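Good morning, and thank you for coming. I should like to take you through one structure, beginning with its overall layout and then turning to a few individual residues.

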Amino acid sequence: SVATETFEEGHLIDPNAPTVAVKKLQAVKDDITALDAFQKLYSLRTSAIPVIDGDGKLIASLSASDLRGMQSGDVDKLTSLSIVKFLESSRSSKPFTCTRTSTLQEVMEMVIQNSVHRVWV
């Protein structure tokens, strides 16, 4: 059987595992520089990381593809802009989310209709 994973209170939980595996969910805060956010993404060796506000609310999603289209003259944006401002200047897509009670069909419809490949739980 395929295990489903959900996020709950900052932890990744696999309810189908024989013993519940808990992994702390990593995120970056909205007030750090874009460079610091990309460095954390790299250091975690992950493909994406959520960007959260001061209240812990998901406000954006960061991935290496957010560097696409940068020109050599844009490098100063990495150090001069917060990650939120950087993402606003490069694209305007919002993060897609579902709840732990969402069905796979609902999530797949969201993915297909919006041409996204990442949905945060």
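**Layout of the chain**

Following the sequence from its start, the chain runs in the pattern β-β-β-β-α-β-β-α-α-α. That gives 4 helices and 6 strands. Please keep in mind throughout that this is a predicted model.

Let me add some totals. The chain has 121 residues, and 27% of them count as buried. About 8200 Å² of the chain is exposed, with carbon and sulfur atoms supplying 53% of that area. As for contacts between residues at least 6 apart in sequence, 41% of them join residues at least 24 apart.

I turn now to two aspartates, each of which sits in a loop. The loop between β5, residues 48–52, and β6, residues 58–63, contains D53. Which side chain of opposite charge is nearest to D53? That is K57, at 5.6 Å. Since a salt bridge requires the charged atoms to be within 4 Å, D53 has none, although D53 is buried. The side chain of D53 does, however, reach the backbone nitrogen of K57, at 2.9 Å. Setting aside residues up to four places away in sequence, D53 touches D30 and I59.

The second aspartate is D66, in the loop between β6 and α2, the latter covering residues 76–80. Is D66 buried or exposed? The relative accessible area of D66 is 6%, and the limit for a buried residue is under 20%; D66 is therefore buried. A polar atom of the D66 side chain lies 2.8 Å from the backbone nitrogen of S63. Beyond its neighbours within four places in sequence, D66 is in contact with F38, S61, F86, L87, S90 and R91.

To close, let us move to the surface. Helix α4 spans residues 104–114, and I112 is found there. Why does I112 count as exposed? The relative accessibility of I112 is 63%, and exposed means over 50%, so I112 meets that cut-off. Together with L104 and M108, I112 forms a nonpolar patch on the surface. The accessible area of these three residues together is about 340 Å².

In review, then: D53 is buried without a salt bridge, D66 is likewise buried, and I112 is exposed as part of a nonpolar surface patch. Thank you for your attention.

Definitions and conventions
Residues are numbered from 1 along each chain as its sequence is written. This is a predicted model: local features need pLDDT of at least 70, side-chain atom pairs count only at pLDDT 80 or more; totals for chains, interfaces and linings use all residues. Side-chain values use heavy atoms; hydrogens and water are left out. Buried means under 20% relative accessible area, exposed over 50%, partly exposed in between (1.4 Å probe, protein chains only). Lys and Arg count as positive and Asp and Glu as negative; His and the chain ends are not counted. A polar contact is a pair of N or O atoms within 3.5 Å; within protein, one must be able to donate a hydrogen and the other to accept it, and residues adjacent in sequence count only if both atoms are side-chain atoms. Contact means heavy atoms within 4.5 Å. Patches are made of residues with over 30% relative accessible area and no salt bridge: like charges are joined within 9 Å, nonpolar side chains (Val, Leu, Ile, Met, Phe, Trp, Tyr) within 5 Å. Accessible areas come from the Shrake-Rupley method with a 1.4 Å probe; for residues, only the protein chains shown count as cover.
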